[in-house]
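Q: Please take a close look at one part of this predicted model and describe how it is built into its surroundings. I would like one connected account that gives the residues by name.

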Amino acid sequence: MLIDIHTHIQQFSDKDLDILINNSRFKNIDLIIAAGTTLTDSTKALELANNYNEIYAAVGVHPQNIHDESTDNYIAKLEKLIQFDKTIMISEIGLDLQENSVDIKLQRKFFSEQINLAKLHHLPTAFHVRNAEKEAIKIIKSEKINEIKSVAHYFSGDYQYAKELLDNGVFISIAKPFLRDENLSSTIKKLPLDRLVIETDSYPQYFKKNRTRWTEPKDLYIILEKLSSIFQKSKEEIKEIISDNSKYILSI
Ligand SMILES: [Zn+2]
């Protein structure tokens with residue numbers, strides 16, 4: 001079973017989504033998680049999931065989107081979305097420290113609250129971390145993320161960070177950057193295969209004029225191929241291991 005454990009495909013236009021779904025069915029992608037970044041976007045993810053068999057929803061507020069709309073009672077609002085069968089994950093949550101980022105104290109609060117929401121409802125979570133690895137490790141330890149299944153999405157850190165994630169029970173999600181980044185690729189080579197999953201993080205890439213170059217769930221195959229070469233195992237073998245890991249996380 002081939003699972004794209006993290007995307008934002010609810011953000012595609014209807015026309016672009018049609019192309020994406022055709023491509024992913026042609027490539028036999030079995031399941032795609034559409035992760036929300038705001039309450040509105042999470043609702044969209046769930047609506048999409050309700051319309052397509054192979055799509056499931058993740059709901060959450062992304063650290064960069066905390067101020068995009070009102071977050072009054074956002075936990076109660078997320079809980080409403082959790083009641084639906086097709087919501088199977090809390091995401092995208094996390095920490096993101098760049099220039100003009102949302103105040104870190106507020107980000108920490110949202111990250112902690114949403115980890116606890118996942119724990120309360122026994123749901124897995126996928127989280128995002130940019131320039132905040134140490135902060136993130138502090139929170140996942142203090143909030144005991146090891147009590148649920150979790151995924152560090154779009155992993156691009158070093159071995160030390162990976163090790164800390166693994167020690168806290170976190171699975172590591174591999175996306176396309178390691179295809180070109182030799183350092184990242186050699187870090188990933190040292191990680192245990194039974195703790196890896198894969199994702200495309202697909203979202204509409206209007207900045208790329210050539211539509212065929214947009215990242216889509218079908219690109220999971222390129223990731224599998226590269227993993228197969230760095231771990232020196234057959235594509236089938238890698239696919240099976242990754243599939244088992246993803247199914248375990250999603251309890252399917
Ligand atoms: Zn994402």
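A: **Helix α8 and its surroundings**

The buried residues of α8 pack against β1, β7, β8 and α9. In this predicted model, those buried residues include Leu 220, Ile 223 and Leu 227. Viewed along the axis of α8, the buried residues lie within an arc of 60°, so they line one face of the helix. The face turned away from that buried side carries the exposed residues Glu 225 and Ser 229. The helix itself has 12 residues and spans 16 Å between its first and last C-alpha, close to the 16 Å expected at 1.5 Å a residue. After α8 comes Gln 232, with a positive phi near 50°.

The partner helix α9 can be read in the same manner. Helix α9, residues 235-250, is made of 16 residues and reaches 22 Å from its first C-alpha to its last, close to the 22 Å expected at 1.5 Å a residue. Its buried residues are Ile 238, Ile 242, Asn 245, Ser 246 and Ile 249. These cover an arc of only 95° around the axis, which puts them on the same side of α9. Their cover includes α8 (220-231), together with the strands β1 (3-7), β6 (150-152), β7 (170-174) and β8 (196-198).

Past the end of α9 lies Ser 251, where phi is near 55°, a positive value in a residue other than glycine. With 10 C-beta neighbours inside 10 Å, Ser 251 counts as exposed. Tyr 154 also has a positive phi, of about 55°, although it is not a glycine, and this residue is found in the loop between β6 and α6 (159-167). Tyr 154, however, is buried, with 22 other C-beta atoms within 10 Å. As background to these values, most residues other than glycine have a negative phi.

From the buried face of α8 the contacts can be followed to Ile 174, which touches Ile 223 and Leu 227 and also Phe 155, Ile 188, Leu 196 and Ile 198, leaving aside residues up to four places away in sequence. Ile 174 is among the residues with the most contacts inside the largest nonpolar core, a set of 69 residues, and the others named with it are Ala 34, Ala 45, Ala 58, Val 59 and Ile 172.

Two of these core residues, Ala 58 and Val 59, lead to strand β3, residues 55-59, in which 5 of 5 residues are buried. Ile 55, Ala 57 and Val 59 point one way from β3, whereas Tyr 56 and Ala 58 point the other way, and all are buried. Strand β2 (residues 31-35) runs parallel to β3 and is joined to it by 4 bridges, with Ala 57 of β3 as the bridge partner of Ala 34. Between these two strands the chain passes through helix α2 (residues 39-51), and this β-α-β crossover is right-handed.

β3 also pairs with strand β4 (residues 87-96), again in the parallel sense and over 3 bridges, where Thr 87 of β4 is the bridge partner of Ala 57. Strand β4 contains Glu 92, which is joined to Ser 91 by a cis peptide bond with omega of about 15°. For context, most peptide bonds are trans.

How values were computed. Residues numbered from 1 in each chain as written. Predicted model: local features only at pLDDT ≥ 70, side-chain atom pairs only at ≥ 80, totals over all residues. Expected span 1.5 Å × (residues − 1). Buried ≥ 20, exposed ≤ 12 C-beta atoms within 10 Å, placed from the backbone. Arc of directions from axis to C-beta. Contact = placed C-beta atoms within 7 Å. Core = buried A, V, L, I, M, F, W, Y, C linked by C-beta atoms within 7 Å. Pairing = 2+ DSSP bridges. Right-handed = clockwise from strand over helix to strand, strands pointing away.
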